[in-house]
Protein chains: 2
Amino acid sequence: MRIGELAERTGASVRSLRYYEKQGMLSSQRSASGQRHYDEAAVERVLLIRQLFAVGMNSRTIAELLPHVVPSGQRCPPQVLRQLTAELARIDAQAEELARTRRTLNSMVEATRKAMRDT
Amino acid sequence: MRIGELAERTGASVRSLRYYEKQGMLSSQRSASGQRHYDEAAVERVLLIRQLFAVGMNSRTIAELLPHVVPSGQRCPPQVLRQLTAELARIDAQAEELARTRRTLNSMVEATRKAMRDT
DNA sequence: CTAGGACCTGACACCGGTGTCAGGGGCAAA
DNA sequence: TTTGCCCCTGACACCGGTGTCAGGTCCTAG
């Protein structure tokens with residue numbers, strides 16, 4: 001498929017897909033005229049990229065990790081394993097922070113709800 | 001206390017504290033010469049600001065919410081309540097995403113660990 | 001009184017992902 | 001062959017929080 005279709009099917013803008021390629025996160029076959037062509041697997045790959053972005057990973061890290069993520073069940077070199085472990089720790093910390101903040105905000109909502117009931 | 005001490009006690013840079021003030025998230029008493037002075041409560045307030053930043057809230061939202069967060073157990077106007085609820089939903093979605101990604105990455109680590117054991 | 005550190009404002013720069021525009025080519029249906 | 005849509009590259013702009021520098025003031029210890 002060409003870039004427009006990939007964009008539509010993944011929710012990423014055409015601009016972003018080109019950016020992903022330039023950052024080494026995504027590859028494409030070029031036709032003789034230079035147009036990008038993608039196989040079906042690209043859809044999944046882009047979705048994964050966006051997922052990793054969504055949890056705060058940057059493009060460099062994603063580029064390093066992705067080759068080892070996509071063919072799943074693969075063993076990856078120790079360097080990548082370390083990176084993965086570090087990212088997991090970061091994710092856990094972030095989840096903790098989210099939970100903590102959630103409690104703070106939720107208690108505000110509850111307090112207001114209670115005050116409204118009591119009125 | 002003055003801004004340097006507040007910075008040291010909260011981990012925020014002096015630059016950031018001035019920025020927080022300009023965005024309406026933080027206030028200070030000014031001495032005759034224009035220097036900022038803060039009371040003890042400012043420490044907690046800054047920590048809260050940073051916590052909210054850490055979960056992806058932007059300064060405008062924080063500025064709207066904070067006056068109702070700090071005097072805890074307060075009832076807040078419906079507009080703010082809506083905003084709070086929206087933020088809670090966002091936080092929940094983000095937590096979900098984190099958990100999902102955590103599973104993806106963790107399975108990679110596990111696969112590699114297993115492969116290493118089997119070798 | 002003076003020196004040195006802390007503070008003030010304002011301005012410019014950075015990062016990283018994205019939007020958008022310009023100027024140009026590819027390609028298929030009519 | 002023309003029309004219209006899709007694609008190409010390169011460049012500049014934006015956001016939002018922060019770093020940093022310049023040029024100036026304040027204040028406290030010696």
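Reader: How do the residues of the surface near DNA strand C divide into nonpolar, polar and charged?

Author: This is a predicted model. In it, the surface near DNA strand C holds four nonpolar residues and five charged ones. The polar class has nine. The division is therefore four nonpolar, nine polar and five charged, with Gly counted among the polar.

Reader: How many residues surround DNA strand C, and which are the closest?

Author: The count is 18 residues. Both chains appear among the closest: Ser13(A), Ser33(A), Ser59(A), Gly4(B) and Arg36(B).

Reader: Which elements give two or more residues to that surface near DNA strand C?

Author: Chain A enters the list with helix H2 (14-22). Chain B enters with two helices. They are helix H1 (3-10) and helix H2 (14-22) of chain B.

Reader: How many residues does each chain bring to the contact between chain A and chain B?

Author: Chain A brings 30 residues. Chain B brings 30 residues.

Reader: Which element gives the largest share of the side of chain A that touches chain B?

Author: Three helices each supply at least two residues there: H3 (41-54), H4 (59-69) and H5 (78-118) of chain A. By class, that side has 17 nonpolar, nine polar and four charged residues. The largest share is 20 residues, and it comes from H5(A).

Reader: What kind of axis relates the two copies?

Author: Chain A superposes on chain B with an RMSD of 0.1 Å. The rotation is 180 degrees, with 0.0 Å of shift along its axis. The copies are thus related as by a two-fold rotation axis.

Reader: Which C-alpha in chain A is nearest the axis?

Author: The distance from the axis is 3.1 Å. The C-alpha is that of Ala95(A).

Reader: Why do the copies meet through the same surface?

Author: Take the interface residues of chain A and look for them in the interface of chain B. The copies meet through the same surface because the share found there is 100%.

Reader: What pattern does chain A follow along the sequence?

Author: Chain A has five helices and two strands. Read in order, they give α-α-β-β-α-α-α.

Reader: Is chain A compact or spread out, and what is its radius of gyration?

Author: The C-alpha trace spans about 75 × 35 × 20 Å along its principal axes. Buried residues make up 20% of the 119 residues in chain A. The globule rule gives 14 Å for 119 residues. Chain A is well over that, so it is more spread out than a compact globule, with a radius of gyration of 20 Å.

Methods:
Residues are numbered from 1 along each chain as its sequence is written. Chains are lettered from A and ligands numbered from 1 in the order in which they are written. This is a predicted model: local features need pLDDT of at least 70, side-chain atom pairs count only at pLDDT 80 or more; totals for chains, interfaces and linings use all residues. A residue is near a molecule or strand if its C-beta atom, placed from the backbone, lies within 6 Å of it. Helices (H or I, at least four residues) and strands (E, at least two) are DSSP runs, numbered from the N terminus. Two residues are in contact if their C-beta atoms, placed from the backbone, lie within 7 Å. The radius of gyration is taken over C-alpha atoms; the globule rule is 2.2 Å times the number of residues to the power 0.38. A residue is buried if 20 or more other C-beta atoms lie within 10 Å of its own, exposed if 12 or fewer, and partly exposed in between; C-beta atoms are placed from the backbone. Copies are superposed by least squares on the C-alpha atoms of residues with pLDDT of at least 70 in both.
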